[in-house]
Amino acid sequence: MSPLKNWDNKTWLSSQKYIKSFNRFILKQVKLNRNSRILDIGCGRGKILANLSNRLRLLNKPIGLDIENHKDKSKKIIFKKIDALSYVSKTKITFDLILIKQTIHLLKKKQAIKLLSICKNKLNPNGKIIILSLDPKKNEIPTFQLMNKKLNISLKKDEKLFNLILKNQNKIVTKKFVFHVQILKTKYLQMIKNRYMSTLLNFSNSQINNGINEIKKDYGNVLKFKDRLICLIIKNN
């Protein structure tokens with residue numbers, strides 16, 4: 001996977017409003033209690049897990065996997081800098097929730113299908129895998145021309161991967177999570193500069209600067225849009 005150092009750092013994704021809204025959504029999809037065991041694949045700084053842990057008063061610290069070891073990661077999680085396939089294949093722990101949020105698109109198709117197959121075997125009775133990714137059909141993320149072109153290519157790949165997952169798994173429930181974003185243009189431009197999403201990782205500094213100038217001209221001082229995620233829920237039985 002490509003490292004994303006800034007995807008959940010100082011963006012709406014790290015705001016308490018977003019985290020609380022997201023966790024309310026998660027708790028509607030899966031029944032959890034203080035005894036539940038949770039695994040987050042691609043946990044970033046672990047802020048979502050930390051909030052869930054506090055909310056449920058978890059007896060077992062949730063486990064977060066990521067290939068980027070952030071210095072400011074939450075101390076309320078057990079963090080492991082390890083490849084997800086390696087960890088899930090070897091662990092003897094079983095989980096009530098395995099969360100894969102905006103991460104699965106960084107895997108190759110065969111890796112993703114293999115990971116989900118192994119994850120399913122690591123679920124407790126009534127456990128669920130919850131996969132989330134940008135909605136490929138209703139994306140509203142503000143972009144510049146080149147970013148939009150690359151993002152559309154990426155979203156089409158995501159859609160093919162989701163269709164493959166739907167084909168390979170039984171009893172999948174599809175849901176949508178929508179968060180209303182309001183952000184200053186200056187802050188969003190800094191996010192672009194920091195390459196906050198995977199689409200931006202391979203852009204040159206010149207391409208990023210040109211894109212920033214485009215957004216400066218095309219958008220007002222405050223950006224308002226919906227962050228739409230499509231959610232696949234895989235049950236254990």
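Me: Why does L39 count as buried?

Reply: In this predicted model, L39 has 0% relative accessibility, and buried means under 20% relative accessible area, exposed over 50% and partly exposed in between, with a 1.4 Å probe and protein chains only, so L39 counts as buried. Residues are numbered from 1 along each chain as its sequence is written, and side-chain values use heavy atoms, with hydrogens and water left out. Because the model is predicted, local features need pLDDT of at least 70 and side-chain atom pairs count only at pLDDT 80 or more, while totals for chains, interfaces and linings use all residues.

Me: Which residues does L39 touch, not counting residues up to four places away in sequence?

Reply: L39, which lies in strand β1 (residues 38-41), touches I63, L65, Y87, V88, F95, L97, I98 and L99, where contact means heavy atoms within 4.5 Å. Strands are DSSP runs of E with at least two residues, and helices are runs of H or I with at least four, numbered from the N terminus.

Me: What makes helix α2 (residues 47-56) largely enclosed by the rest of the structure?

Reply: Seven of the 10 residues of α2 are buried, so the helix is largely enclosed by the rest of the structure. The buried residues are I48, L49, A50, N51, L52, S53 and L56, and they pack against α1 (16-29), β1, β2 (63-65) and β4. After α2 comes R57, whose phi is positive, near 55°.

Me: Why is strand β5 (residues 123-134) described as largely enclosed, and how many bridges join strand β4 to β5?

Reply: Of the 12 residues of β5, 10 are buried, so the strand is largely enclosed by the rest of the structure. Six bridges join β4 (residues 95-101) to β5, and the two run parallel; since two strands pair if DSSP finds at least two bridges between them, β4 and β5 therefore count as paired. One of the bridge partners in β5 is L132, which is matched with K101.

Me: How do you know that K185 has no salt bridge?

Reply: A salt bridge is a side-chain nitrogen of Lys or Arg within 4 Å of a carboxyl oxygen of Asp or Glu, whereas D218, the nearest side chain of opposite charge to K185, is 8.9 Å away, so buried K185 has no salt bridge. In these terms Lys and Arg count as positive and Asp and Glu as negative, while His and the chain ends are not counted. The side chain of K185, a residue of helix α6 (residues 185-193), does reach the backbone oxygen of K216 at 2.9 Å.

How values were computed: A polar contact is a pair of N or O atoms within 3.5 Å; within protein, one must be able to donate a hydrogen and the other to accept it, and residues adjacent in sequence count only if both atoms are side-chain atoms.
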